[in-house]
Amino acid sequence: MSATGSGAAGGGLGHVVVIGAGISGLAAAHRLLDRGARVTVLEASDRVGGKLLPGEIAGVRVDLGAESLLARRPEAVALAREAGLGERLRPPATATAAIWTRGALRPMPKGHVMGVPGTADALRGVLSDEGLARIARDTDLPRTEIGDDVAVGEYVAARLGREVVDRLVEPLLGGVYAGDAYRLSMRSAVPQLFRAARGHDSLTAAVRALQARAAADRAAGPVFMGIEGGVGSLPPAVAATVRARGGEVLTGTPVRELRRGGTARPGAAGSAGAGDAAAAAPSEGAWRIVAGDRVLHADAVVLAVPAPAAAGLLRAESPEAAAELAAVEYASMALVTLAYRRTGLNLPEGSGFLVPPVDGRTIKASTFASQKWDWIAEQDPDVVVLRTSVGRYGETEVLGRDDAELVEISRHDLREATGLDAVPLETRVTRWTDGLPQYPVGHHARVARVREHVAKLPGLAVCGAQYDGVGVPACIASAYAAVDQLAGDPAAARALTADPVQSLHGGAGE
C-alpha cells in the first residue's frame, strides 16, 4: 500500500479506515467516498456482508441471513439503487402471514402496532375471550407513567394484560431481536409506540392516534422490499461500488490494535508497512491500526464491528466506552433452510407464520420463502423453499444440538403446524452465534454514554446494529451518522441516540 493522500485531498477527512465490512461499514465507506475521503475497509472474515449472507439450496439462490429491507425507511432501498441493484428490487409476492397459537394457524391480526391493538376486536381469534375483555379495560385504568424508559412487555401487560404480550407482541419482537419482550426497551425497540404512549392516558388511544397519523401520511409502495438473488447480494454490490470509486476493501484482515498518535506524516493520510512505520514523522491525532501483517495510519476511523470486538479495540484509548460496549448482551439463533419437491406439497397460503414462546414450540417462526418471494419460485418451479428460525435470548440448550437435530425439530414443528410431512431434497443450517444485540431498558442511555466517550477521541466514530436499530436501514442510518460526525456534524448521531430507528414496521393495519 502506498502512503499517499492528504487531508486536503480528502475533502477535509483525508484517509479514513473503516473497521468492519458488514452493511454498516460498507455504507460508511460509500458515504465517505461521497465526501471525498480516501477509504480503506478492513474485514476480519473472508467475506463482506456480516449477517447478510447469500446462499444456495437445491440449485436455488436464497438468503441465509436477513431476507428483506424495510422500505418505509429510505436508506436501504436507496443504497441498493446506488449499488446498481435498482432493477432487482422486488416486493413480497404476498404480505399475508399467520400466527401459530392455541393449537392452530390463525390469520395475523391487523390494526395493531407491533402487536399492540387499537381495539380489542383487532386481536379477536388470537386471544381468548378473557384476553379480549382485559384489553377493553385499558380506557378505565389510570395513566401509567413510563418515565425515561420501560420494558415493552411490562408496560403493555400492565395496560392490556399478559395475553397480548405473550401471544402477539412477544413473537413479533422475537422475530427482530430474538429477545424477551419483558426485558426489551420500549424506547429503543418500539420508539414510535414509546412516544405515542407518553402522550396519552390510554395505550389503545395511543395506538389509534398512531394509526390515524399513518393513514394520513402513508407513502405509496410496499412496506418491505427484497432483492432478486437475495438481500445478501447487497453487501458485495456496495463493496464493488466502493472499489470502483477508488476505495480499498480488504477481507481476511483482522484488526489487532487501534491506537491514537500514530506515525503518519503531518498533513498526510496514509499507511506504512511495519518495517517503515518508524521512519515516518509523528503526527498528533493520527490513528495507528495494526491489521494482520500491516500497519496503517489514518486521519480518522469508523468502528463498525459488533460490541465485543469494538470493546476490545477501544480498551486502550477509551476504557469507559469499552466497558459500556462489553456489557452489551447478544442473542444467538439458527436458520434452518429446507428445499422440497413441489409435487404433492400443499402448504397454507401466505408468507409464513410466527410462533409465540408461550405455546411451547421450538421454532419461533417459519417463512414460506418460495411463496413470499417470486424470484425464488421462478428459479425452479419444481422446488419449494422454506425456512425456520430457532433460538431466543437465554436459550442455549436447543442451539447446542447438532445440525441434524435442528432439522428434525424444524420438520416436526412444520408437520404439527401445516401437515407438511414430505422428505426435503436438501437442508442447510446457518448458525448466527451472538448475532443479535439486545436492547434492554436503558439501552438508549448506554448508547449516549458510548458516544459521549468516543467523542473525546478526535477522528473516531462508531456505528452498527448495537446502537440505533438492528434492521438494515437502521444500520445504514447509523453509518451515515458516523460519517457526518467525522465531518463535524453530530446532529444525526444525536438524533439517532435520542430516537432510534424502528427495525420492524408495526404501523396501522400492517
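Biologist: New to this one, so straight in: which residue in strand 11 stands opposite Leu 70?

Modeller: Leu 70 faces Phe 224 there. Strands here are DSSP runs of E with at least two residues, helices are runs of H or I with at least four residues, and both are numbered from the N terminus. Residue numbers start from 1 along each chain as its sequence is written. The model is predicted, with local features needing pLDDT of at least 70, side-chain atom pairs counting only at pLDDT 80 or more, and totals for chains, interfaces and linings using all residues, while side-chain values use heavy atoms and leave out hydrogens and water.

Biologist: OK. What order do the strands take in that open sheet?

Modeller: Three strands line up as 5-11-6, with antiparallel pairing; two strands pair if DSSP finds at least two bridges between them. Strand 5 (residues 69-70) and strand 11 (residues 224-227) share two bridges, and two bridges also join strand 6 (residues 89-90) to strand 11.

Biologist: Which residues does strand 6 line up with in strand 11?

Modeller: Leu 89 stands opposite Ile 227, and Arg 90 has Gly 226 as its bridge partner.

Biologist: Why is one side of strand 5 and of strand 6 left without a neighbour in the sheet?

Modeller: They stand at the edges and each has a single partner strand, so one side of each has no neighbour in the sheet.

Biologist: Switching to helices. Which residues of helix 9 are buried?

Modeller: In helix 9 (residues 234-244) they are Leu 234, Pro 235, Ala 237, Val 238, Ala 239, Thr 241 and Val 242. Buried means under 20% relative accessible area, exposed over 50%, and partly exposed in between, using a 1.4 Å probe and protein chains only.

Biologist: And what do they pack against?

Modeller: Helix 1 (23-34), helix 2 (75-82), strand 11, strand 12 (248-250) and helix 17 (472-486), where contact means heavy atoms within 4.5 Å. After helix 9 comes Gly 246, with a positive phi near 105 degrees.

Biologist: How about helix 3, what's buried there?

Modeller: Helix 3 (residues 129-136) buries Gly 131, Leu 132, Arg 134 and Ile 135. Those four are on the same side of helix 3 because they cover an arc of only 155 degrees around the axis, taken from the directions from the helix axis to the C-beta atoms. Asp 129 and Glu 130, on the other side, are exposed.

Biologist: Which residues touch the most other members of the largest nonpolar core?

Modeller: Out of its 91 residues, Leu 32, Val 156, Val 169, Leu 173, Leu 193 and Val 302 do. A nonpolar core is a set of buried Ala, Val, Leu, Ile, Met, Phe, Trp, Tyr and Cys residues joined through side-chain atoms within 4.5 Å. Apart from that core lies another, of 31 residues, including Val 255 and Tyr 330.

Biologist: How many disulfides are in the whole structure?

Modeller: Zero, counting pairs of cysteine sulfur atoms within 2.5 Å. For Cys 463, the nearest cysteine sulfur belongs to Cys 475, 8.4 Å away, which is too far for a bond.

Biologist: Are those two cysteines buried or exposed?

Modeller: Cys 463 is buried at 0% relative accessible area, and Cys 475 is buried at 6%.

Biologist: Last one: where does Thr 497 sit?

Modeller: Thr 497 is in helix 18 (residues 491-498) and counts as buried because its relative accessibility is 13%. Beyond four places in sequence, Thr 497 touches His 444, Val 447, Ala 448, Arg 451 and Asp 468.
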